[in-house]
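Welcome! Take a moment to look over the sequence and the fold before reading on. The notes below walk through a few strands and how they pair.

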Amino acid sequence: MRILIVEDDMIIAANISLQLSKLGYEVTGIETKAEEAIHHALETKPDLILMDIQLKGKSNGIDAAHEIHKVLDIPIIYLTANEDDSTFQKAKSTNPFAFISKPFNKQNLERTIALVEQRMKEFPKEDTLENSFHESHEDRIFIRNQNKLIKVMIDDIIWVEAERNYCKIITAQQDYLIVSPLNKLCEKIDPKRFVRIHRSYMVNFSKLEAVTETHVELKGKILPIGKQYKEDLFRMVNKV
């Protein structure tokens, strides 16, 4: 089983990693911040995450779990020294498989992971739990998420932002995170309605509020224009 360790105390993290390796588990890495944990999880897709609730930075382990579960259904075991009811209830909302209170010993860690591993074997994940781009039509696209096809109207999309191996689709109502490179999404959406302005951004042309030599403005957001995409953007602007 492949396990990601998210722990802001490197001494504790290194000790956990050593124990897991001795038990025959593969450690995909150690992360200390929520943002890095999210990227790591979405890229490497570990089988299990040991998640410290208190992390460095603005976001905590609960925030990271929520973001990861928008895309992947990865079981999480929380590591925490904070046992107050408020924290527990917030963590509980992410449906963790277990909690391990700090400080913990080798036997506690081993037994908890063994129980979670057994539970995972009894209730295996379905491959369809990942968000993925499914198909497109003239006025809408469909995103597969947890055995459902979610309809997203093309006109509702403001911009699409590439984040490594996945894309964030921004609409006025909510954001959708899908496992798909931006290039693939660009091929599926009408180029007369959307324009690539940067290697990381594609925008709905009808939503543009201002265009300069270096950036575009839309819905209070400023997005940069990449040199190689400037010509296509201004060609569309000049046609208006």
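Two strands count as paired if DSSP finds at least two bridges between them. With that cut-off in mind, strand β15 (residues 215-218) pairs with β16, since four bridges join these two antiparallel strands. Please keep in mind that this is a predicted model.

**The sheet of β14, β15 and β16**
- These three strands form an open sheet in the order β14-β15-β16, and their pairing is antiparallel.
- β14 (210-211) and β16 (221-224) are the edge strands; each has a single partner strand, so one side of each has no neighbour in the sheet.
- For a place to look between β15 and β16, find Glu217, whose bridge partner in β16 is Ile222.

**Strand β1 and its cover**
- Strand β1 covers residues 2-6 and is mostly covered itself, with four of its five residues buried.
- From β1 the chain passes through helix α1 (residues 10-22) and on to β2, making a right-handed β-α-β crossover.

**The partners of β1**
- Strand β2 (residues 26-31) runs parallel to β1, and five bridges link the pair.
- Within this pairing, Glu26 of β2 lies opposite Arg2.
- β1 is also joined to strand β3 (residues 48-52), by four bridges and again in the parallel sense.
- Here Ile3 faces Leu48, the residue opposite it in β3.

**A word on pairing**
- In general, the strands of a sheet pair through backbone hydrogen bonds, in either a parallel or an antiparallel way.

Note on methods: Residues numbered from 1 in each chain as written. Predicted model: local features only at pLDDT ≥ 70, side-chain atom pairs only at ≥ 80, totals over all residues. Heavy atoms only, no water. Buried < 20%, exposed > 50% of the residue type's maximum accessible area, 1.4 Å probe, protein only. Right-handed = clockwise from strand over helix to strand, strands pointing away.
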